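I wanted to go through the metal sites and one helix packing here, and to write down what I could read off for each.

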There are 2 protein chains.
Amino acid sequence: MADKNLQKFKDVLRSEHLKVTPQRLAVFEEVCSTDDHRDADDIYLSLKQREKAVSRATVYRTVDLLLKYNFVSRIDIEDGKWRYEHWLDCTRHDHLICVRCGNIVEFSDKNIQIREKRIAKSFDYTLVRHVLNLFGYCSDCRGK
Amino acid sequence: MADKNLQKFKDVLRSEHLKVTPQRLAVFEEVCSTDDHRDADDIYLSLKQREKAVSRATVYRTVDLLLKYNFVSRIDIEDGKWRYEHWLDCTRHDHLICVRCGNIVEFSDKNIQIREKRIAKSFDYTLVRHVLNLFGYCSDCRGK
DNA sequence: AGTTAAACGAGATTCAATCTCAATTAAATT
DNA sequence: AATTTAATTGAGATTGAATCTCGTTTAACT
Ligand SMILES: [Mn+2]
Ligand SMILES: [Mn+2]
Ligand SMILES: [Zn+2]
Ligand SMILES: [Zn+2]
């Protein structure tokens, strides 16, 4: 499962004439190790803690690479930091974010996606990407 | 129209025991002068050019204020800068953004909003805000 | 006019992200 | 297996939007 994807990553690197380096593999493996939505520094610190230290610059460079080749997706919860999540199952989804505790729930709504396409078409735009974030209070945080 | 809103702004300032300063009025007036989606520095530079210079710090402070009291809305087109637009008519809308030229089209879809509420409810979240941005190529930019 | 707390401006600071460049290393070539 | 070559790395510098600091100014109340 993860191994198969690791292989896919290596294949992409090779086919793009990019080097298969221990640092790149470490970042890939770290990103795939949880379903969390983490920023570059979270990933950097996790690797460091696990004695698989990779420089911050390389973490940034590698997540960009993973993004480019669709191994991760990136979300922006408007706190000034990009967050990354692995994309192993390729299930498109959007996010519902608690404005107090930061908890993130994932959802997917086919009907909204259809309407988005229709909207883009009506303005003669070719849709390439969408961002749908819902912000609110989770049940734990509702009563402050 | 704009005058009526300027009055409303002054009233809010006074009711909140905030001072009605030339700088705040200048930023308010500048923000309301177009329907564009501009970042703080755009606003700063426009004011400067019009010989109504206000410091950058004050522009930032004032757009925060305008946001807090709902005179502007803020959008994030993921280029690292907040953009502001006046909120005179209070029409809720979302944005369709050209990834090449940056052109922004506004739209509103009641049905999507209904579905969003339903989704939030299903996860027991109290919705406070949403972000819906569609990214694509406009008709001018489609053929590169 | 005098008082006072809020607001201002200039410049310092923060912080995520990117860049620079010398040293290292993956991998293609002998 | 050794050599060559170009990509990659890490340390630290840089960028740029946004925020903060702090001494000075000013709106607004008396
Ligand atoms: Mn997710
Ligand atoms: Mn708008
Ligand atoms: Zn919460
Ligand atoms: Zn365009």
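Before looking at the zinc sites I noted the criterion: four donors count as tetrahedral if all angles lie between 85 and 135 degrees. I also kept in mind that this is a predicted model.

**Entry 1, zinc in chain B.** I looked up the zinc ion (ligand 4) and found that its donors are the SG atoms of Cys98(B), Cys101(B), Cys138(B) and Cys141(B), at 2.2 to 2.4 Å. The angles subtended by these four donor atoms run from 100 to 114 degrees, so I entered the arrangement as tetrahedral. The sequence spacing of the donor residues reads C-x2-C-x36-C-x2-C. Within this site I followed one pair that links distant parts of the chain, 40 residues apart: Cys101(B) sits in the loop between strand E3 (94-98) and strand E4 (104-107), and Cys141(B) in the segment after strand E5 (126-137). Cys101(B) is partly exposed, at a relative accessible area of 46%, whereas Cys141(B) is buried, at 3%.

**Entry 2, zinc in chain A.** For the zinc ion (ligand 3) I listed Cys98(A), Cys101(A), Cys138(A) and Cys141(A), each through SG, at 2.3 to 2.4 Å. Here the four donor atoms subtend angles of 102 to 114 degrees, and the arrangement is therefore tetrahedral. I wrote down the donor spacing as C-x2-C-x36-C-x2-C. Two of the donors I checked for burial: Cys138(A) is buried with a relative accessible area of 7%, and Cys141(A) is buried with 4%.

**Entry 3, manganese.** Which residues coordinate the manganese ion (ligand 1)? I found His37(A), His93(A) and His95(A) through NE2, Glu85(A) through two OE entries and Glu106(A) through OE, at 2.1 to 2.4 Å. The angles among the six donor atoms range from 56 to 171 degrees, and I recorded the site as irregular. One pair of donors again links distant parts of the chain, His95(A) in strand E3 (residues 94-98) and Glu106(A) in strand E4 (residues 104-107), 11 residues apart. His95(A) is buried, with a relative accessible area of 3%, while Glu106(A) is partly exposed, with 35%.

**Entry 4, helix packing in chain A.** I then turned to H2(A) (residues 22-32) and H3(A) (residues 40-49), which pack at an angle of about 105 degrees with their axes 10 Å apart. This angle makes the two helices, H2(A) and H3(A), roughly perpendicular. On the H2(A) side I noted Ala26(A), Val27(A), Glu30(A) and Val31(A), which meet Ile43(A), Ser46(A) and Leu47(A) of H3(A). By class, the contact residues are five nonpolar, one polar and one charged.

Definitions and conventions. Residues numbered from 1 in each chain as written. Chains lettered and ligands numbered in written order. Predicted model: local features only at pLDDT ≥ 70, side-chain atom pairs only at ≥ 80, totals over all residues. Heavy atoms only, no water. Axes fitted to C-alpha atoms, helices over the stretch in contact; angles between N-to-C directions. Parallel < 35°, antiparallel > 145°, perpendicular 65-115°, else oblique. Contact = heavy atoms within 4.5 Å. Nonpolar A, V, L, I, M, F, W, Y, C, P; charged D, E, K, R; others polar. Donors = N, O, S within 2.8 Å, 3.2 Å for Na, K, Ca; no water. Tetrahedral: all angles 85-135°; square planar, octahedral: opposite > 155°, others 65-115°. Buried < 20%, exposed > 50% of the residue type's maximum accessible area, 1.4 Å probe, protein only.
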